[in-house]
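Grab a pencil and work through these short exercises with the structure open beside you. Try each task on your own before you read the solution.

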Amino acid sequence: MKTKMQDQLSEHFMNWIKQQREEIEEYESNNDSNSYLKEYYDGKSEKLKKINLSESFTIDGIVNEEEWDGNNGILFILKEANIDGKLKGNIIDNKSVCADINEDGAKTFWFQEEVNKSKINWRRNILRRLRKIGEDLTGEKEFSLKKTAYMNINKRGGEASANVDIIGGYLKKYKENILKEIEIINPKIIAICCGTDSYVSELVSYIHELNKDISIRCYNHPAAWRKGFTDKKYLEGINS
């Protein structure tokens, strides 16, 4: 049974997808040379040209509304869904790949599915480190990710190595949509896990415009790896 918050997010996402469709129709009519969409159409990456820019959309939000802690709720914000595996496929028709769609054609919430598994693979950096952030910010040992919310900035998804220009352009284009999703979720704490990309400071400013009472911490992407970059080092975060 859907809750009021889930209904709000579902309606919001439907409108958002409609806006994506309209954006692509307008771009293909006018071919704005200054648009970030040129990275999809004319950029160096052949894989990005396979994404269905009208329909590709990653749904996200609160993982488990029954366990969501409205008083201390943490929202993780990441760059975009990594759909590199799909983009590597031998697809004949470009513009056919959609993010987070299962075999039945239904949209899925990847993070929610991972967190709700009976046995979570804590060896995966992205899951383990997000739990570590939760432990660090709340003081709760073995913090449950079911108490959190999760969202991507760029809903269309992308390659394993994110394109900064695309995400920054998407943030500017869909600023109000992104802030509306944050408003519906209503977190007390936001952990922006996007590293030092140039658009991060803009996102922080946007969130403070929305609600100055939200506490914001910035981190590298949880899947980031380099020699000596331990979980302890990761939790030190970065300056926004």
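## Exercise 1: a partner for R124

Task: Classify R124 as buried or exposed or in between, then find its salt-bridge partner.

Solution. Start with R124 in this predicted model: its relative accessible area is 33%. Buried means under 20% and exposed means over 50%, so R124 is partly exposed. Next, look for the partner. R124 makes a salt bridge with E114, and their closest N and O atoms are 3.4 Å apart. Now place both residues along the chain: E114 is in helix α4 (residues 110–115), while R124 is in the loop between α4 and α5 (125–138). The two are 10 residues apart, and the pair links distant parts of the chain. Last, check E114 itself: with 12% relative accessibility, E114 counts as buried.

## Exercise 2: a salt bridge out of sight

Task: Work out where E181 and K155 sit in the chain, and whether each is buried or exposed.

Solution. First the contact: the side chains of E181 and K155 form a salt bridge, with N to O at 2.9 Å. Then the location: E181 belongs to helix α7 (residues 175–185) and K155 to strand β3 (residues 148–158), so this pair, 26 residues apart, links distant parts of the chain. Finally the accessibility: E181 has 0% and counts as buried, and K155 is buried with 0% too.

## Exercise 3: from a pair to a network

Task: Compare K88 with D84, then say which residues their network joins.

Solution. Step one, the pair: K88 and D84 meet through their side chains in a salt bridge of 3.4 Å, N to O. Step two, accessibility: K88 is exposed at 59%, whereas D84 is buried at 8%. Step three, the network: salt bridges with shared partners join K47, D84, K88 and E159. Step four, the total: the count comes to 19 salt bridges.

## Exercise 4: two pockets

Task: Describe the lining of the largest pocket and do likewise for the second largest.

Solution. Here's the idea behind the search: rolling a probe the size of a water molecule over the atoms shows where empty space is left.

- The largest pocket has a volume of about 530 Å³. It is lined by 27 residues, and the closest to its centre are E80, A81, N82, I126 and Y150.
- Two or more lining residues come from each of β2 (74–82), α4, α5 and β3. β2 gives the most, with 5 residues.
- Sorted by type, this lining has 12 nonpolar, 7 polar and 8 charged residues.
- The second largest pocket comes to about 420 Å³. Among its 17 lining residues, Q6, S10, F13, I59 and D60 lie nearest its centre.
- Both α1 (4–30) and β1 (61–62) supply at least two residues to that lining, and α1 has the largest share, 8 residues.
- By type, the second lining has 8 nonpolar, 4 polar and 5 charged residues.

## Exercise 5: reading the sheet

Task: Which strands stand at the edges of the sheet?

Solution. Write down the order first: the open sheet has 5 strands, arranged β1-β3-β2-β4-β5, and its pairing is mixed. Now look at the ends: β1 and β5 (215–219) stand at the edges with a single partner strand each, so one side of each has no neighbour in the sheet. Then zoom in on one pairing: β2 and strand β4 (residues 189–193) run parallel and are joined by 4 bridges. To spot one of the contacts, find F76, whose bridge partner in β4 is A191.

Terms used:
Residues are numbered from 1 along each chain as its sequence is written. This is a predicted model: local features need pLDDT of at least 70, side-chain atom pairs count only at pLDDT 80 or more; totals for chains, interfaces and linings use all residues. Side-chain values use heavy atoms; hydrogens and water are left out. A salt bridge is a side-chain nitrogen of Lys or Arg within 4 Å of a carboxyl oxygen of Asp or Glu. Buried means under 20% relative accessible area, exposed over 50%, partly exposed in between (1.4 Å probe, protein chains only). On a 1 Å grid over the protein atoms alone, a cavity is a set of points where a 1.4 Å probe fits but cannot get out, and a pocket is an open set with protein on both sides within 12 Å along at least five of seven lines; lining residues have an atom within 4 Å of a point. Grid points are joined across faces, edges and corners, and a volume is the space filled by probe spheres set on the points. Ala, Val, Leu, Ile, Met, Phe, Trp, Tyr, Cys and Pro count as nonpolar, Asp, Glu, Lys and Arg as charged, and the others, Gly among them, as polar. Two strands pair if DSSP finds at least two bridges between them.
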